[in-house]
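Reader: I would like to learn how to read helix packing, burial and chain contacts from a model. Could we work through them one by one, with the general idea before each case?

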Amino acid sequence: MSETTHESTGVVLCLVEYDDDGVIDSSLRAISFARSLGSSSNTPLVAATVGAVSPSILTALQTFGVDEAIELVIEGVDTYAPLAWARSLEQLSQSLATRAIVAAGTDRGNEVMAYLGAATGLPMVANCLRASWSDATTIALSRQRWAGSLIEDAVFDGVPALLTVAFDGVAAEPASTPAPTKVRDFHFSPSEDDLGVKVAEWIGRGGGVALADARVVVGGGRGVGSEEGFGPLDELAGLLGAAVGVSRAVTSAGWRPHAQQVGQTGTRISPDLYLACGISGATQHLAGCRSAKRVVTINTDPDAPFLSRADYAVVGDVAVIIPALVEAIKARKSGRAGPA
Amino acid sequence: MVRVLVCVKRVAMVGARIVLTADETEVDVRQLGFTISPHEECAVEEAVRIVEQRGGVVTVLTLGPIEAADQLRDAASIGANELVHLVTDGKEWDPSATADAIVDALRRHEDLNGPYDLILFGNEAADTGDYQVGVRVAFALGRPCVNGVKNLVVGEETVVAKREFRGGDELYELALPSVVGVKEGINLPRYPSLPGRVRAKKMAIEETPLEGHRGPVKLERLRVPSEPRERAEIIGHGVDAVEALVDLFEQWGVVA
């Protein structure tokens, strides 16, 4: 396909989520995806945030090549309300001649886009990896199936196209040159029905390193042997400032809570180091750690599937190796901290 | 008395590596077993628990090939009371058409027996991961819907649902009747008892055949992605490997 296939009017609209630190990583990936889609037909990129564009959000939008930022003002509600969010995007998109609406493949992104699909009767395609227009209405795209263990190549007609972006398959890439992003607001008055679902309250949990954001994760599987067997893994995690993650077999056995499960139906992690102990490496689990930077596995079975998905392996029994590893790390630490 | 409907999907139990058919348009399932998609297994369990506490009926519905009756019977073996099968030719159905067919069946049932207080879906199907059938059904029925739910308390007129959000939990309060997409972790599904299996085998299934259809997203091919890692370098065996492992940790800045 050539660099620019054709010119067309309209915009690509991207819903952008943010937290206290600015635009969230998944949304930066979604913007990168949307910019790439837009560039396949020289279509401008518009970002929409629910609420005000703070200076740090604006900087990120400029860096990522957003042409225009729109603050969605949803009257009478200051919390997440998926149908109201979807309706506001629908109205905004009508005013812009929108060719595609893109959101991050987060809980909220997928949900708002599903509502938007339902409200407009348009198809919605979840967890896309890349997309480009092959003519004025047809998009060629790749998307994840089986949480990324499989990729689907497909073509799809629909204007506007509703797409969400796989958060572990698309890189967050700043634009080659920053854009002079203009900012304006757009008001939307939701009906009572639009507010049938909204967040009533948020309760923080606190404590420990959050699994999804951990830089180091110590993982335990069936090979850990028992609930008690996790003692040394917990100690190791404490030494490394790591979070503990577990396989589905472990939560199914009731050894550990589901909040610690890594995998397709648990948490998907992207640490600098994943140390997987006594985990065989089922597809369900590997789908949750594919974007780890380094993977080390400890396994009694040198033919376990995890060995073909890891950078390094130690062959042996977790129950013996982890306590030895804990002692060795303590010794190095005290050796360095001690007097010369 | 509560009436709960659970919608489930039959999915393959894929092994460590997914194998495709020769034309690369389907997963080669000849060597594979099948199961209820994981989030939906938990939805069935949740429905059974609600009805155990409050009394009522659990209806389980699936849209899929004739063999998907196995998954309905799996649901029955842990306590579902009524089984509804929208029978397809086994080709994939897109999420929008799936939602339409479910809404049709649901309206038929509700006209006869009154509304379902609660309709449960899994957050997303393990295979296609479309994240939308529940929302589309809810919207068509004009009922509230929230996804990603890992805790559910059903009251007389409302349901309180929790979902994880940035290191905490978001609380939603929905008016009944409503629709909820649940996630694995909401409960630990029970194993079926032997009497449960026997009962499930004999249970009647209401079957409605569906016409084939073609969705707007045209699949060209499936492929297994190239993996970032191919083969682990073996550092060593047993405790003898520990010092080398700590060296690597130091090199990577993990042990500071």
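Author: Let us begin with a pair of helices, bearing in mind that this is a predicted model. For a helix pair one asks how close the axes come and at what angle they cross; here the axes of helix H3 (residues 95-113) of chain B and H4(B) come within 9 Å, and their crossing angle is roughly 45°.

Reader: Which word describes how H3(B) and H4(B) lie relative to each other?

Author: An angle counts as roughly parallel under 35 degrees and as roughly perpendicular from 65 to 115. The angle of roughly 45° between H3(B) and H4(B) falls in neither range, and the two helices are therefore oblique to each other. As to the hand, H3(B) passes H4(B) in a right-handed crossing.

Reader: Which residues of H3(B) and H4(B) meet?

Author: From H3(B) come Pro95(B), Ser96(B), Thr98(B), Ala99(B), Ile102(B) and Val103(B), and they meet Val133(B), Arg136(B), Val137(B), Ala140(B) and Leu141(B) of H4(B). Sorted by class, this contact of H3(B) with H4(B) has eight nonpolar, two polar and one charged residues.

Reader: Let me take one residue from that list. Is Ala99(B) buried or exposed?

Author: Burial is judged by counting neighbours, and a residue is buried if 20 or more other C-beta atoms lie within 10 Å of its own. Ala99(B), whose place is in helix H3 of chain B, has 27 other C-beta atoms within 10 Å and is therefore buried.

Reader: With which residues is Ala99(B) in contact, leaving aside its neighbours within four places in sequence?

Author: Ala99(B) is in contact with Val133(B), Arg136(B), Val137(B) and Ala140(B). For one of these, Arg136(B), the distance along the chain can be set beside the distance in space: Ala99(B) and Arg136(B) are 37 residues apart along the chain, while their C-alpha atoms are separated by 6.0 Å.

Reader: How should I read burial along a whole helix, taking H6 (residues 242-251) of chain B as the example?

Author: One lists the buried residues and then looks at their directions from the axis. In H6(B), Val242(B), Leu245(B) and Phe249(B) are buried. They cover an arc of only 60° around the axis, and so they are on the same side of H6(B). Just after H6(B), the backbone at Gly253(B) takes a positive phi of about 75°.

Reader: What do the totals for chain B look like, in secondary structure and in extent?

Author: Chain B comes to six helices and 13 strands, and its C-alpha trace spans about 70 × 45 × 40 Å along the principal axes. Of its 256 residues, 46% are buried. Among the contacts in chain B with a separation of 6 or more, residues 24 or more positions apart account for 70%.

Reader: And chain A, read in the same order?

Author: Chain A has eight helices and 17 strands, and its C-alpha atoms fill a box of roughly 65 × 45 × 45 Å along the principal axes. Of the 340 residues of chain A, 55% count as buried, and 66% of its contacts between residues at least 6 apart in sequence join residues at least 24 apart.

Reader: Why does Ala34(A) count as buried?

Author: The neighbour count is again what decides: Ala34(A), which lies in helix H1 (residues 25-39) of chain A, is buried because 31 other C-beta atoms lie within 10 Å. Not counting residues up to four places away in sequence, Ala34(A) touches Val12(A), Cys14(A), Leu45(A) and Val102(A). Of Ala34(A) and Val102(A) one can add that they are 68 residues apart in sequence and 6.4 Å apart in space, C-alpha to C-alpha.

Reader: How many residues of chain A are in contact with chain B?

Author: An interface is read by its residue counts, its contributing elements and its classes. Here 74 residues of chain A are in contact with 68 residues of chain B. Among the elements of chain A that each supply at least two residues of this side are H4, strand S7 (124-133), strand S8 (138-145) and helix H8 (318-337). The residues on the side of chain A that touches chain B divide into 40 nonpolar, 20 polar and 14 charged.

Reader: How do helix H4 of chain A and helix H4 of chain B cross?

Author: The axes of H4(A) (residues 107-120) and H4(B) (residues 133-141) come within 9 Å and cross at roughly 45°, which makes H4(A) oblique to H4(B). H4(A) passes H4(B) in a right-handed crossing. The residues of H4(A) that meet Val135(B), Arg136(B) and Phe139(B) in H4(B) include Glu111(A), Ala114(A) and Tyr115(A). By class, the contact of H4(A) with H4(B) has six nonpolar, one polar and two charged residues.

Note on methods
Residues numbered from 1 in each chain as written. Chains lettered and ligands numbered in written order. Predicted model: local features only at pLDDT ≥ 70, side-chain atom pairs only at ≥ 80, totals over all residues. Buried ≥ 20, exposed ≤ 12 C-beta atoms within 10 Å, placed from the backbone. Helix = DSSP H or I, 4+ residues; strand = E, 2+ residues; numbered from the N terminus. Arc of directions from axis to C-beta. Axes fitted to C-alpha atoms, helices over the stretch in contact; angles between N-to-C directions. Parallel < 35°, antiparallel > 145°, perpendicular 65-115°, else oblique. Left-handed = near helix turned anticlockwise from the far one by under 90°. Contact = placed C-beta atoms within 7 Å. Nonpolar A, V, L, I, M, F, W, Y, C, P; charged D, E, K, R; others polar.
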